[in-house]
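Trainee: I'm new to this structure and could use a guide. Please pick one part, look at it closely, and show me how it fits with the rest.

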Amino acid sequence: ASPAAPKFEVVDPTREAGNDFGEETLQDEKPNPYRQTPGQALAKIGRLGAAIPLDELPTFNTLSEGGQRSGEAIAFAGPSGVGKTSVTVMFGKKSAELGRPTAGYFVDQSPGAATVRLGQLFGLDRGRLEDPKKFPDAITEIDRLVKGLPAPLFFTDVDEHDVNVTANAA
C-alpha cells in the first residue's frame, strides 16, 4: 500500500503567502503582500480561472478539486511512459481552447514530443508528426491549428538558453 498523501488544505487561495503554503513565518510577522503565488495574485483581481476538468481523468479531477485553474502551476513527475507529457498537453490544449494563454515547460521531453501529442489530440497522424523532414505539411498543419486557438499555446524546453516565464510571457 502506498503511504497516505500529505494534506494540503488551502482554505483561502486569496491569502498572502504564509503558513497555508508551508512557509515559515514568525508568530507576529506580517506576510509580505508582494510574495504570493500567481493564483493568489489572479484571485485578488478576480481573474483566477475556473477549474479545467479533463473528462478522460476523473480521478485527477477529484484530487485537484475539479482540475487545474489559471494561475496554477503543476509539475508532473514519474517514470517514463506514464503519461506526464500527454496529461500536460491535454490541459494545455483545453486551457487555450477556453481562451487562457498557456505554456508547457518540459524537462525530460522535448517540445517536439509535446507537439506530437498535441497533433494527435487534433486528430493528426503520429507517424507523420514524428517525421517532419519527410512530412513538413504535418508541422504546417499543427501550426495552423494552434494559431486558430482562442489563446496562445506554446511549449518550451527548459534547457534552452534564457527560458523563463517572464521572457515567454512577453
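Mentor: What follows is a walk from the whole chain into its main core and back out to the surroundings.

A quick word on the ground rules: this is a predicted model, so I talk about local features only at pLDDT of at least 70 and side-chain atom pairs only at pLDDT 80 or more, while totals for chains, interfaces and linings use all residues. Numbering runs from 1 along each chain as its sequence is written, and side-chain values use heavy atoms, with hydrogens and water left out.

The chain has seven helices and two strands (DSSP runs numbered from the N terminus: H or I of at least four residues for a helix, E of at least two for a strand). From the N terminus on, they come in the order α-α-α-β-α-α-α-β-α. Of the 170 residues, 26% count as buried (under 20% relative accessible area with a 1.4 Å probe, protein chains only; exposed is over 50%, partly exposed in between).

Now the part I'd pick. The largest nonpolar core (buried Ala, Val, Leu, Ile, Met, Phe, Trp, Tyr and Cys joined through side-chain atoms within 4.5 Å) has 10 residues: Val89, Ala96, Phe106, Ala114, Leu118, Ile142, Val146, Leu149, Leu153 and Phe155. At least two of them come from each of α3, α4, α6 (136–147) and β2 (153–157). Take Val89: beyond residues up to four places away in sequence, Val89 touches Phe106, Ala114, Arg117, Leu118, Leu121 and Phe155 (a contact means heavy atoms within 4.5 Å). There is also another core apart from this one, with five residues, including Ile52, Leu54, Val87 and Met90.

Helix α4 (residues 111–121) deserves a look too, with Ala113, Ala114, Val116, Arg117, Leu118 and Gly119 buried. After α4 comes Gly123, with a positive phi near 90°.

Thr85, in helix α3 (residues 84–97), also reaches this area. Its relative accessibility is 9%, so Thr85 counts as buried. Setting aside neighbours within four places in sequence, Thr85 is in contact with Phe106, Gln109, Ala114 and Arg117. With Phe106, the C-alpha atoms are 8.0 Å apart, across 21 residues of sequence. Zooming out, 52% of the chain's contacts with a separation of 6 or more involve residues 24 or more positions apart.

Next, the rings. The structure holds two aromatic pairs (rings of Phe, Tyr and Trp, its six-membered ring, with centres within 6.5 Å; stacked under 30 degrees between planes, edge-to-face over 60, the rest tilted). Phe60 and Phe76 have ring centres 5.9 Å apart and planes at 45°, so this pair is tilted. Because Phe60 sits in helix α2 (residues 58–63) and Phe76 in the loop between α2 and α3, the pair ties together parts 16 residues apart in sequence. Both rings are partly exposed: Phe60 at 22% relative accessibility, Phe76 at 29%. Ring pairs join Phe60, Phe76 and Phe91 into a cluster.

Another ring has a charge for company: Lys93 lies over the face of Phe122, 4.9 Å from the ring centre (NZ of Lys or CZ of Arg within 6 Å of the centre and within 35 degrees of the ring normal).

One last oddity is in the loop between α2 and α3, where you'll find Glu65. Glu65 has a positive phi of about 55° despite not being a glycine, and at 66% relative accessible area Glu65 is exposed.
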